Amino acid sequence: MEIKRWTAMLLCIILCTGSIPCNAVTKKTSGTDGNGNTWVYDVKTKTLTFSGDKGIEDFIMDGHIPEPGWYVWNTKAEQIIINDGITEIGIGAFDGFINVKTVTMADSVTHIKSGAFIFCRNLTSVKLSAKVKCIEGDAFYACEKLEHLTLPDTLKTLGTLGACLKLKEVIIPDSVSKTNKNLFYECKSLTKIKLPRNMKEIKQYDFANCKNLKTLEIPEAVTTVSMSAFSGTKLKKITLPKNVTTIKKGMPYGGKGKVFAVNYNWDLPTKDLRLIEIKSKKVKSIAKGSFSGLSSKVVVKVPKSRKKKYTKMLRESGLEKKVKIKTL
């Protein structure tokens, strides 16, 4: 009798469990992050909304740390709203939200951390906080459909906007004093860039592979330039301003590739380039290979009073003899 009773109970459990279909498990539509902020997902409008008075918690997608509750909607959400009170958007907070189209954030947000919206491939519209001070690291990297991004005058730090393939025009306010390398790498639709007046350095691959970029004005305050910043563009002329003291190559992997030509690491020929002007009389160093891969159609112009010195420096850096050096 005891065996029969346990058998009956087991059968009952199996039948009851089996009667619940797998797809009946519902996803949570609300919750709290690690900092006490609340989030709500509206299934009908596909909108994820955050409310609170702290920063949205950090999340690094490494396969070990459990995903935060709102991540169950990363392939469904189409709108993200950050309500007034939220102070910052954490590392990787919306990493890979592949179908998000719009992001709206209140002016209480002052800090957007690295990877916050990375790989949001369908993101087309971002209303930034008017008081944001820092856009860190690769916060908007590979937002492939983002065409416009209005940066406020409060901004001081700007991370890379690389691989934003549809981005056409960016005006960086003069308030920005710090930028990441690869600033606009592979922004293939970019035609206009205004750089901040007090910018000090043009970094590695800042404009590389911006295939539609035809003109660029480098601020007078710039003292250091990595020539790889210009590889793969449509620039006809590159002008290094009067305060430049250091010219770098700016290439990774041991710097073995050619800056302005097809090579084994990068396929970034700069076919339209015809003139490089070095207006500075203060250049102290030119890294080896900085002008590698230039065609014989390119002319390098230097100040008349520095022609002998700069010619020696340029040739020692590896500038080929087929490239002529003339005076300004």
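The exercises below, each with a worked solution, concern a predicted model.

**Exercise 1. Work out the order of the strands in the open sheet of 4 strands, and find which strands stand at its edges.**

Begin with the order, which reads E16-E18-E20-E21, with parallel pairing. Next, consider the ends of that order: strand E16 (237-240) and strand E21 (324-327) each have a single partner strand, so one side of each is left without a neighbour in the sheet. On average, neighbouring strands of this sheet are turned by 20° against each other, direction ignored. Turning to the pairing at E16, one finds 4 bridges to strand E18 (residues 275-278), and Thr239 has Glu277 in E18 as its bridge partner. Finally, look for what crosses the sheet: helix H2 (residues 307-316) lies across E18, strand E20 (299-302) and E21, and runs at about 160° to E21.

**Exercise 2. Trace how strand E3 is joined to E2 and to E4.**

Take the E2 side to start with, where strand E2 (residues 38-42) and strand E3 (residues 47-51) run antiparallel and are joined by 5 bridges. Asp42 is paired here with Thr47 of E3, and in the hairpin, which has 4 residues between the strands, Lys46 takes a positive phi near 55°. Then take the E4 side, where 4 bridges join E3 to strand E4 (residues 79-82) and the two run parallel. Thr47 is again involved, since its bridge partner in E4 is Gln79.

**Exercise 3. Describe the surroundings of Gly289, and decide whether this residue is buried or exposed.**

Locate the residue in the chain: Gly289 is found in the loop between strand E19 (285-286) and E20. Its relative accessible area is 12%, and because buried means under 20%, Gly289 counts as buried. Leaving aside neighbours within four places in sequence, Gly289 is in contact with Lys249, Val259 and Ser317. The C-alpha atom of Gly289 is also separated by 5.5 Å from that of Gly318, although the two residues are 29 apart along the chain.

**Exercise 4. Establish how many disulfides the structure holds, and explain why Cys164 is not bonded to Cys143.**

The count is 0 disulfides. Cys120 is in none, and the nearest cysteine sulfur, that of Cys143, is 5.2 Å away. For Cys164, the closest cysteine sulfur is also in Cys143, at 5.1 Å, which is too far for a bond, because a disulfide requires sulfur atoms within 2.5 Å. As a last step, check accessibility: Cys120 counts as buried at 1%, and Cys164 is buried with a relative accessible area of 0%.

How values were computed: Residues numbered from 1 in each chain as written. Predicted model: local features only at pLDDT ≥ 70, side-chain atom pairs only at ≥ 80, totals over all residues. Heavy atoms only, no water. Pairing = 2+ DSSP bridges. Axes fitted to C-alpha atoms, helices over the stretch in contact; angles between N-to-C directions. Contact = heavy atoms within 4.5 Å. Buried < 20%, exposed > 50% of the residue type's maximum accessible area, 1.4 Å probe, protein only.
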